[in-house]
Amino acid sequence: MVNSGIGEDSYIPKIVMDGKEENPTLSDSLEEIDDLFFQTLDNLFSKSKISPQEIDILVVNVSLLSPVPSLTARIINRYKMRPDLKVYNLSGMGCSASLIAIDIVKDMFKVYKRKFAIVVSTESLGANWYCGNDNSMMLSNCLFRSGGCSMLFTNNPDFKNRAILKLSHMVRTHFGSNDEAYECCIQVEDSKGYLGFRLTKKLPRAAAQALTINFKVLLPKILPIWELVRYFLVYMWRGKKKGPMGLNLKSGVEHMCIHPGGRAVIDGVGKSLALTDYDLEPARMTLHRFGNTSAGGLWYVLGYMEAKQRLKKGDRILMISLGAGFKCNNCVWEVLRDLKDPNVWEDCIEKYPLKIMDNPYDEKYGWINEEYLSFIRLEDCVFAS
């Protein structure tokens with residue numbers, strides 16, 4: 001927790017606050033999901049002035065909860081949506097599921113014209129709060145927090161003037177054929193039967209490999225020819241010399257929207273892509289304020305950019321998402337008009353970015369980062385029970 005990058009204002013599930021995480025019920029999980037679903041959807045319908053009966057496609061992604069009837073059915077029943085609605089319910093897809101859902105909508109729009117689609121991205125954490133003492137599984141409790149979002153899409157040209165973003169490119173990469181990558185981020189039971197989510201030390205390497213594979217397809221689509229030629233000439237000149245050769249991503253996009261999966265993930269992506277603190281600020285501040293809200297996290301990062309009035313008409317946003325599988329799903333958005341809605345950040349945006357990332361655990365546990373302890377590895381220590 002000392003090194004998590006998460007502040008004191010993020011949200012854990014109500015079931016944990018009530019001390020019921022060891023014996024969760026289905027009702028507890030559904031109550032948690034209903035709060036996230038219906039608050040975001042009510043706000044969406046109110047703000048867009050589009051009624052639930054006008055929606056043609058509904059895609060919901062929640063990885064760790066798959067009840068019967070499905071979660072999409074709960075939404076349809078609540079809003080009495082049309083019987084010819086095209087419905088997709090995604091589970092087990094991890095933190096990058098939001099872009100998978102959007103990719104489904106993109107493909108549907110190729111077949112069905114002048115339609116409205118809604119994507120709902122969130123996670124069920126309460127029933128999956130780890131109650132054991134396996135270090136690699138306890139980590140998820142330090143990172144994951146409650147949150148989610150609902151998004152409205154259309155391919156109806158009549159609504160072009162109301163749109164704020166346009167999807168330009170989408171590339172999905174699944175690295176699950178690699179055993180190390182498959183097992184680095186996985187739901188399991190520990191030796192005592194406690195269910196949880198295991199995050200291993202192999203995760204950063206899996207993320208880097210998946211990101212590299214994805215960029216080999218995506219970057220030629222978004223970078224100008226002169227930048228690709230420059231990179232090729234530098235590569236030929238350097239040969240196999242070690243060190244970054246430096247593609248300039250800013251020649252193709254203006255903003256970086258990185259999944260706030262954790263401080264190590266954000267810093268790792270920033271280092272590998274030679275990004276500045278300004279580029280990483282939205283992801284870092286989102287992690288501090290909201291934590292890792294799984295598939296919904298990207299949209300909190302995007303919301304930060306909008307609330308800070310960074311997004312101007314014509315700007316391009318590279319959205320980078322990483323998740324279990326192991327998957328890397330990236331896309332590029334074009335900003336269609338200047339954006340300045342304070343959105344979910346309205347009550348706190350003025351105090352960000354924080355100059356000092358104070359951590360409430362520093363005073364009691366900050367000794368863990370002392371230099372004189374750097375030779376000690378926790379895995380080598382034996383702690384008395």
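This passage describes a four-stranded sheet, a helix that lies across it, and the cysteines of a predicted model.

The sheet is open and consists of four strands, which follow one another in the order 5-10-9-8 with mixed pairing. Its edges are formed by strand 5, covering residues 165–174, and strand 8, covering residues 255–258, each of which pairs on one side only. On average, and with direction ignored, neighbouring strands of this sheet are turned by 15° against each other. At the edge formed by strand 8, the pairing is with strand 9 (residues 316–323), and these two strands run in the parallel sense, joined over four bridges. Within this pairing, Met256 has Leu318 of strand 9 as its bridge partner. Helix 11, which spans residues 297–307, lies across strand 5, strand 8, strand 9 and strand 10 (327–335), and the helix runs at about 145° to strand 8.

With regard to the cysteines, the structure holds zero disulfides, a disulfide being a pair of cysteine sulfur atoms within 2.5 Å. For Cys185, the closest cysteine sulfur belongs to Cys184 and lies 5.7 Å away, so the two sulfur atoms are too far apart for a bond. Cys185 is also buried, as its relative accessible area is 10%. For Cys328, the closest cysteine sulfur is that of Cys331, at 11 Å, and this distance is therefore likewise too far for a bond. Cys328 counts as buried too, with a relative accessibility of 0%.

Technical notes
Residues numbered from 1 in each chain as written. Predicted model: local features only at pLDDT ≥ 70, side-chain atom pairs only at ≥ 80, totals over all residues. Heavy atoms only, no water. Buried < 20%, exposed > 50% of the residue type's maximum accessible area, 1.4 Å probe, protein only. Pairing = 2+ DSSP bridges. Axes fitted to C-alpha atoms, helices over the stretch in contact; angles between N-to-C directions. Contact = heavy atoms within 4.5 Å.
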